[in-house]
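Dear colleague,

Please find the structure below, handed over for your consideration. My findings follow it.

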Amino acid sequence: MRKVGVALLGLGVVGGGTYKTITEHREFYQKTQNLDLVVESVLECDEEKIKALGVEEEKVASNIAEVVMNPDVNIVVECIGGTEAAREYVLAALRAGKTVVTSNKLLYAKHSEELERVAKRYNAGLHLEASCMGGVPVVRTLMSGLQANVITSFVGIVNGTTNYILSELSEQRGTFEEILEKVHKIGIAEADEEYDLEGYDAVYKLSILASLSFQTKIPVEKIYREGITRITEEDFRCAKDLGYCIKLLAIGKRREDSVEVRVHPALVPKEHPLAGVNGSYNAMFLTGDSVGDVLLSGRGAGALPSGSAIVSDVLFAANHYEDISTAFKHPEIANKNVKVITDFSSKYFLRFQIEGTTSKVLSLFTQKGVAIQKFIHRESEGELLVITHETKESVIKSVIAKIEERQLAKTESLLRVI
Ligand code: HSE
């Protein structure tokens, strides 16, 4: 039986979950994979974490050089997060010819080109399943399960923290602050919660997923981003009344010679497969030209779901040592200059506080060529709710500007609808 030595960089939530997954499944992998998977080295400065997991003292390395020079280490798993030390350590491992498995979305979204170049040069593998959607095997699905397809679009719930908050708020299970505290306790929120709440975390994941789906390189700066902090209680109430729920979505669409990539909250019809994905669950609704629609769903964060993704990558790497491909088999074919559409089209939900007459507000939509799918005038509240048919973002903004310029209504909310 072949022995495969693993080094773990970082024993936090993800590293700890990986350590447990490997040690508790040793016999199972011996039987099912014909591999003896062993943690040979760990790099972690917090002694409490080392003790809590019961790591043997002789396996604790004091620096990265010790890890990458260790001949018993075949695969290095990076779970330290951030981009500085992580980048340095991953590059050191790749340069030593070690295959790297990372859960670091930030590192990959920002430095994938450099990492892939170095991996190729030193004939090392580079795997990233755990960087997007935790235990949901979306990366492997895109790279192998669906590789026969041209992926035409996807809509995903890729951030567990915001999905948890939105699900709880829509059920009125506490105030925003109370729910935020709960989500920190569950342990899935980023230390800097703005990363989750303002959509940055989702943007990093979208950059990776869209790059894999559309064979391109999409820099994070080119992705439209809007978080969940401007959604009001009133929005939840209206969405419910109209038959929708509110989700933070990561959307990618392949156009003829361009792509559309955006992260923002949106109204999702109750009957859409993503509407039932609640709490900290993630999901990805993909469309391929041959397969049609595919839905993947599961836990997008947490020790063991992330451990599952990492160890699956480790096993994949261990079983495919003759094909140690990086995420892009041919990074050079990736279209680095792909046009990213900023004036995308969508359906819109608008909530107005009426100051003039409703008919005048509605006629401005018609004048600008925007078709209205549905409107509700709540006379007693002086409120007008409008759902439009698909139109361009620039057009809807010009309608709003006209309405406000003429002081016909105040725009309380604008949310996209899928
Ligand atoms: N903060 C992230 C989330 C963790 O809530 O999804 C997993 O990437």
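Helices (H or I, at least four residues) and strands (E, at least two) are DSSP runs, numbered from the N terminus. This is a predicted model, in which local features need pLDDT of at least 70 and side-chain atom pairs count only at pLDDT 80 or more, while totals for chains, interfaces and linings use all residues. Residues are numbered from 1 along each chain as its sequence is written, and side-chain values use heavy atoms, with hydrogens and water left out.

I begin with the domains. The bounds, which come from an automatic or database domain assignment, give domain 1 (2-134 + 305-333), domain 2 (138-300) and domain 3 (345-417). The centres of domain 1 and domain 2, taken over C-alpha atoms, are 27 Å apart. Between these two, 23 residues of domain 1 are in contact with 25 residues of domain 2, where contact means heavy atoms within 4.5 Å.

Next comes the largest pocket. On a 1 Å grid over the protein atoms alone, a pocket is an open set of points where a 1.4 Å probe fits, with protein on both sides within 12 Å along at least five of seven lines; lining residues have an atom within 4 Å of a point. The largest pocket holds about 750 Å³ of space, the volume being that filled by probe spheres set on the points, which are joined across faces, edges and corners. It is lined by 32 residues, and Val14, Ser103, Lys105, Glu190 and Asp201 are the closest to its centre. Helix α11 gives the most to this lining, with three residues. Because domain 1 and domain 2 both give residues to the lining, the pocket lies between them.

Helix α11 (residues 200-214) also provides the largest share of the largest nonpolar core, nine residues. Such a core is a set of buried Ala, Val, Leu, Ile, Met, Phe, Trp, Tyr and Cys residues joined through side-chain atoms within 4.5 Å; buried means under 20% relative accessible area, exposed over 50%, and partly exposed in between (1.4 Å probe, protein chains only). This core has 84 residues, and Val138, Leu209, Leu286 and Phe349 have the most contacts inside it. Apart from it lies another core of 25 residues, including Tyr19 and Val55.

Finally, two backbone details. Methionine 133, although not a glycine, has a positive phi of about 65°; this residue is buried, with a relative accessible area of 0%. Glutamine 215 has a positive phi near 50° and is partly exposed, at 34%.

Yours sincerely
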